[in-house]
Each structure stands twice: as C-alpha cells, then as structure tokens.
Amino acid sequence: MDSPSSTTRIAARSSMIDSIRGCGLSGMRIDKEDLRRKLSIPEYLRVAMSNAIRRKEGEPPADTCQSDVIVDGNGVQPPEAPMVVFINSRSGGRHGPELKERLQELMGKEQVFDLSEVKPHEFVQYGLACLEKLAELGDFCAKDTRQKMRIVVAGGDGTVGWVLGSVGELNKQGREPVPPVAIIPLGTGNDLSRSFGWGGSFPFAWKSAVKRTLQRASAGPICRLDSWHAVIQMPSGEVVDPPHSLKPTEDCALDQGLQIEGALPEKVNCYEGVFYNYFSIGMDAQVAYGFHHLRNEKPYLAQGPISNKLIYSGYSCTQGWFLTPCISDPNLRGLKNILRMHVKKVNCSEWEQVAVPKSVRAIVALNLHNYASGRNPWGNLSPEYMEKKGFVEAHADDGLLEIFGLKQGWHASFVMVELISAKHIAQAAAIRLEFRGGEWKDAFMQMDGEPWKQPLNRDYSTFVEIKRVPFQSLMISGE
C-alpha cells in the first residue's frame, strides 16, 4: 500500500445512488408551468439572441439584435431565474434527443442549444453580446436577464469543460458577471458532475428528474473551481485530430525561471488548452484514445454509460497494461524512459525536479477528488502522512494539482476499487513535463477525458507546461 488513510475507504458509490442523489428523485412535486415561468426568457429576447447567433454578428448595433417584433423591454417582467442549456444530444445513449425535446418543453426552444448546431463560444460572442447591447440601450428586462443568467450543461466532462472554457472568456473581456454552470450528467465518467453534487450517471427516471434538476440549478449555491492552462511546445509537426480542448497557438513562451537544457529546434509548433479535472499521460490516455476511436467508428456499440464502461474495460485489456512483464515493446515500458518532470510546490516560487518512479506507466495531474467514474486515487491521507510528505489537504479551488502514478493494470485496478492509493508523486502549483522520444514515436495524453496522440521527436524535446488560470470557474452546487 502506497500510503496510509485516515479512514477505511468505502468502494465507489453505485451509479443509481449517485443518480438519485444528483438528480433529486425526492421532495415535493414541481409544477411544470411554474418552472417554465421561472426559467423562460421573454420571447423577444430569445428571438433576438437566436438571430444574433445565426447571423454571427459580434458587437451588433441596436437594429441587429432587436427581434423582428419590437417590444418595449421596460414593460416586460424579467424571469426570476433565466437559464440556457447546452446539450450534447449524442451523449446519454438513445435518450439524448428525447432529453433535448423535454428541455425545450420546460423553457422554450431558443433557450436549448444543441452543441452540434450552436457552439458555446458563439453564444458568448453573439447571444450574450446581444443582451448586453440591449441593456446598454436601456432595456431593463435585458439587463436583469443578463445579470441573473445561469447555464446548464447536459453532457460529459469534455462537454462541460468546453462550455466552461468558452464562458471563461468573459473574464478576460471584462464582461461580468460570468454565468455559473450546473450539470446534467450524460457522459461515461461524469467526474465533474459528481464533484459538485449532480450525480454520476443519467437517471433511469429522467423525465421527472429533469424538472428537479432545473429547479435546483436555478437556486443552488455557487462554488469555485480552479482551471488549468496547458501549453505544448513541440518540434515542427502537428497533432493529428486534436480534441476540442486543444488549439494551435502562436504564443507559447515557457516559464523563463526554468532553463531548458540542450539544443532547441529552429521551428516549433505550439498548442494550448484548459482542463478542469485532470491531465494525464501514458497508458490510461492510450486506452481512452483507442476507446474514443472505436466509439466513433462503431457508434452503435455506445448506447449509454454502462455499455461504454464495458467496452472501455475490454479495450484496456487489449492494450497490454495487464501484460507488461511479457511484452518487450518499448511503448509499454515506464514513462521514466522518456519523461523529466519539474514542479513548483505549495508556497514555493522555485522549480524543483521530481523523480519519475520507474514502474509508473501513467501519470495523472488531478484537480478534483473524482477520477475514472468517481474514484479517489489520491485517497484520504492522514495528517501525519501529509506532514511527512509536505502535502496539504486537497480541494478543487486550492490552486494545487495532485500528481500520482499508476503502474501495471493490476495496480491500477486495486487503486480504482480503492483498496490502495495511487503512487503519490507531488502536489504542485505548476508543472513542466519534458519528453524526449528515443524509441518512442509518440505518447498518448488526455485532458478531461479527451485524448490525443502526441508526436515525439528523437532529437528534440517536447514540453508540456501547466499553470493555473488566474480566474476561477463558477459552478452551481447540486448538494
């Protein structure tokens, strides 16, 4: 066992219990019409935002964001809890399209955005800008709606992160307040949803649960969540099929406080992204990468979280994680062969090199208590152990990432059922990872469940630098 725990850990809660708790299948009955009046944005504002998004006109003039039917906004009562929903209708198995229709019944068609049709940044850039413009023109209803706006995301962790990243741009632009976000869990792991009390899976009695979820999202308390900016600097080349969370960038200056050893190539390519739950490298990301490609090639196999987890488990067994001692492929050996790690520890401004354990085949930098469908691989550490290691108690808004390693599949399996803790490596306020390929032509990485294959170079290093975003994300608690 890698570390002692302060209490004996109970195995992960079942998805059904998470669903009941997260989606509130108890309490008094919620009247559909009362909820609709509470959430529905006045029609003239819904149409105005919808038109602005469709026309994709940023900073629209007054006549652009007015709807075709001119209404005096000062004579319209603003909603008590205006809300919009982003839904990944391809998530949640066969229930995605049905859930979309149900949400549109409860608050109006223009307030429910299918992510295959409207992207989150389009809503921020055009829809919210339209409300702000009308508010500037003296429309009290538009102003009050913009001030009280809340967002619900129906999707998995990757979808939630996508929306949070787009909404976070409001901080950079000085467009406050930033709407807080609630979650309807439609993904496989749903660790962000679990962390903020929205449950771990799509509930069986979802039609009645949706009303209670929206009711709680309209009035739930606000929590804060750290977000983390990852920059990848690589020798000339490109990431094939990068996820939503990873974008090319021209600005990729690494921290000057840590000197780079060795020669640098004449040309580098850079990518950047933001994550909220975890960043990982190694075998777990490789398994996720294979699973995602299998699901995209054969979507009929992915009919919901249970079937996804079965496929995921089966796929992990085909990737060699459980057969490492019998396999000579260098891609299946420890990360120590290709990786050098530096961190800035708690209350420390200096970079410090941290040894990579030779047996570790996956390294995870974790922001939340939940990983891999509600597991807590960091564990509940005793005060004595934390003092000995120089750790502090982990929280989602403490400005620190917990870095741990997973060895062979058997070790990972025991960690996932919480019989032991993962291999503790460090707590860090910033991380720099340096990869030198050698026999490795590529490595697998993932952010919040979105994996990719990262090309490596035999002669030049690839760097990944992770630092906390100055602005925290706002989450609505479902507790």
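Which residue forms a salt bridge with Arg340? In this predicted model, the partner is Glu434, and the closest N and O atoms of the two side chains are 3.6 Å apart. The pair ties together distant parts of the chain, with Arg340 in strand 10 and Glu434 in strand 15 (residues 430–435), 94 residues apart. The two ends of this bridge can be told apart by their surroundings. Arg340 counts as partly exposed because its relative accessibility is 30%, whereas Glu434 has a relative accessible area of 12% and is therefore buried, the cut-off for that class being under 20%.

Strand 10 (residues 339–344) also holds Lys344, which takes part in another long-range link. Here the partner is Asp255, found in the loop between strand 7 (246–249) and strand 8 (268–275), and 89 residues separate the two. The closest N and O atoms of Lys344 and Asp255 lie 3.3 Å apart, and both residues are buried. Neither stands alone: through salt bridges that share partners, Asp255, Lys344, Arg432, Glu465 and Lys467 are joined into one network. As general background, side chains of opposite charge can pair when their charged atoms come close. Across the model, the count of salt bridges comes to 19.

A further salt bridge brings the account to helix 5, where Glu105 pairs with Lys32 at a closest N to O distance of 3.7 Å. This pair, too, links distant parts of the chain, since Glu105 belongs to helix 5 and Lys32 to helix 2, 73 residues apart. Glu105, at 39% relative accessibility, counts as partly exposed; Lys32, at 33%, counts as partly exposed as well.

Helix 5 itself spans residues 96–107 and has 12 residues. From the first C-alpha to the last, helix 5 reaches 17 Å, close to the 16 Å expected at 1.5 Å a residue. Its buried residues are Gly96, Leu99, Lys100, Arg102, Leu103, Gln104, Leu106 and Met107. What do these buried residues pack against? Their neighbours include two helices, helix 2 (32–39) and helix 10 (206–219). They also include strand 1 (83–87), strand 2 (112–114), strand 3 (150–155) and strand 4 (181–185). Just after helix 5, Gly108 adopts a positive phi of about 110°.

Strand 15 comes back into view around Thr462, a residue of strand 18 (residues 462–468). Thr462 counts as buried because its relative accessibility is 0%. Leaving aside residues up to four places away in sequence, Thr462 touches Leu433, Glu434 and Phe435, among others. Its contacts also include Ile232, Gln233, Met234 and Pro235, together with Gln454, Pro455 and Leu456. Thr462 and Pro235 are 227 residues apart in sequence, yet their C-alpha atoms are 6.7 Å apart in space.

Attention now turns to the enclosed spaces. The structure holds three cavities of 30 Å³ or more, and the largest cavity contains about 60 Å³ of space. Which residues line this largest cavity? The lining is made up of Phe279, Ile281, Met341, Ile363, Val364, Ala365, Ile403, Ile431, Leu433 and Ile466. By class, these comprise 10 nonpolar residues, with no polar and no charged ones. Strand 9 (278–282), strand 12 (362–366) and strand 15 each supply at least two residues of this lining, and strand 12 gives the largest share, three residues. Leu433 thus appears both in the lining of the largest cavity and among the contacts of Thr462.

The second largest pocket offers about 940 Å³ of space. Of the 42 residues that line this pocket, Gly165, Ser166, Glu169, Lys172 and Val274 are the closest to its centre. At least two lining residues come from each of helix 6 (120–136), helix 8 (157–173), strand 8 and strand 19 (473–476). Helix 8 contributes the largest share, 13 residues. The lining of the second largest pocket divides into 16 nonpolar, 16 polar and 10 charged residues, whereas the lining of the largest cavity has no polar and no charged residues.

Key: Residues numbered from 1 in each chain as written. Predicted model: local features only at pLDDT ≥ 70, side-chain atom pairs only at ≥ 80, totals over all residues. Heavy atoms only, no water. Helix = DSSP H or I, 4+ residues; strand = E, 2+ residues; numbered from the N terminus. Expected span 1.5 Å × (residues − 1). Buried < 20%, exposed > 50% of the residue type's maximum accessible area, 1.4 Å probe, protein only. Contact = heavy atoms within 4.5 Å. Salt bridge = Lys/Arg side-chain N within 4 Å of Asp/Glu carboxyl O. 1 Å grid on protein atoms, 1.4 Å probe; cavity = no way out; pocket = protein on both sides within 12 Å on 5 of 7 lines; lining within 4 Å. Points joined across faces, edges and corners; volume = space filled by probe spheres on them. Nonpolar A, V, L, I, M, F, W, Y, C, P; charged D, E, K, R; others polar.
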